[in-house]
Amino acid sequence: MSTFQIILLAALAAIFVFAIVLNRLRRTSFRTMFIVTVIWAVGSVATAWPDLTTLVARAVGIGRGADLLLYSAVVIMFVGFFMVYLRLVRLRRNITTLVRQAALHQAEGPLDSGTRDLKATGEGV
Amino acid sequence: MTASNTLPLSVREDTFVVVPAFNERSCIEQVVQSLRREYPHVVVVDDGSRDDTVEIARGCATYVLRHEINCGQGAALQTGIEFALSRGARYIVTFDADDQHRVGCVSTLLEPIVRGECEITLGSRFLGEAINLSEGRRLMLRVAILFTRLVNRLQLTDAHNGLRAFSREAAQRIRIRADRMAHASEILDIIRHSGLSFREVPVRVHYTPYSIEKGQSPVRAFRIVFHYVIARVFQ
């Protein structure tokens with residue numbers, strides 16, 4: 001096992017311990033913890049036995065395990081960006097609702113008597 | 001000016017003209033004053049302008065509402081419409097602040113609604129007149145109209161024209177979710193799904209160098225389409 005693998009495994013282990021501590025403290029949802037555990041497990045296995053990724057890659061028609069990781073990372077990141085974008089859209093909508101409520105609450109007017117100008121000139125009717 | 005307005009005063013007193021404004025200091029006063037000569041209720045919704053639009057509006061508009069932060073034209077229109085409804089408006093007109101619309105067109109928009117012939121009227125510069133319309137912009141609008149026909153499935157002669165009028169009942173159905181410019185297509189969706197009767201009426205749009213600069217570029221047109229799709233798919 002190379003030095004890089006050992007460092008990476010140690011880092012993964014530290015992150016996992018951190019996630020468990022956070023889970024205890026803030027009681028993150030079961031779903032979040034489940035996703036974190038799966039990612040951690042897959043990452044650890046791929047680090048400890050890199051050849052396994054090549055086996056999986058071959059199975060889906062990609063030459064090397066590293067390429068498979070790269071491609072899936074790109075896809076996962078795009079999905080992630082999009083989810084963040086949707087969250088921003090929702091956030092904007094919420095902000096707009098707040099801004100609108102404030103605007104309606106502080107509406108000014110009538111700033112001078114609405115129909116005076118028209119009646120003064122005797123027009124309309 | 002007033003004498004040429006064929007609408008009775010009672011109708012004009014029941015009409016609220018909503019003017020969304022964002023950094024419009026150079027035009028807003030003139031636009032609002034010309035509206036106020038004929039319509040007593042002019043609502044300026046300042047959409048977080050960084051210039052002194054809101055102070056100028058306070059000097060001439062009947063009502064001034066201010067978005068503390070910029071939320072986009074769609075959001076400003078929705079705010080203005082909700083305000084007008086809360087003040088008992090029977091008719092609501094939307095009017096751009098950049099001086100490309102003519103006050104005379106407002107009565108043209110209102111007349112069919114007042115006569116009870118439809119609930120919504122949409123201004124069309126291609127039924128009416130588009131002064132100083134450049135070839136590039138004409139082409140862009142043609143694409144937008146095509147988009148409207150395909151996506152909104154409404155046979156219209158114009159798209160993204162800021163001049164519209166709603167009856168109170170119609171305005172109550174309008175819920176603009178797209179904050180920015182995609183609201184124009186969104187309003188058409190609302191019209192189609194609600195089955196509210198509408199009509200296009202000829203209006204005059206006068207392009208000034210200022211309004212062209214504030215208008216939409218082809219690149220931004222693509223962004224509008226993107227925002228529209230997002231608003232439509234992710235409600």
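**Close-up views of chain A**

**View 1. The low-confidence stretch, residues 113-125 of chain A.** Over residues 113-125 of chain A, pLDDT (the predictor's confidence in each residue, from 0 to 100) stays under 50. For this stretch the model has 22 contacts beyond four places in sequence, a contact being heavy atoms within 4.5 Å. This is a predicted model, where local features need pLDDT of at least 70, side-chain atom pairs count only at pLDDT 80 or more, and totals for chains, interfaces and linings use all residues. Residues are numbered from 1 along each chain as its sequence is written, chains are lettered from A and ligands numbered from 1 in written order, and side-chain values use heavy atoms, leaving out hydrogens and water.

**View 2. The helices of chain A.** Chain A has five helices and zero strands (DSSP runs numbered from the N terminus: helices are H or I, at least four residues; strands are E, at least two). Confidence is lowest in helix α5 (residues 116-120), with a mean of 45, and highest in helix α4 (residues 65-105), at 92. For chain A, the mean pLDDT is 83, and 89% of residues reach 70 or more.

**View 3. Ile39(A) on helix α2.** Look for Ile39(A) in helix α2, which spans residues 30-48 of chain A. Is Ile39(A) buried or exposed? Ile39(A) counts as exposed because its relative accessibility is 58% (buried means under 20% relative accessible area, exposed over 50%, partly exposed in between; 1.4 Å probe, protein chains only). Of the 125 residues of chain A, 20% count as buried.
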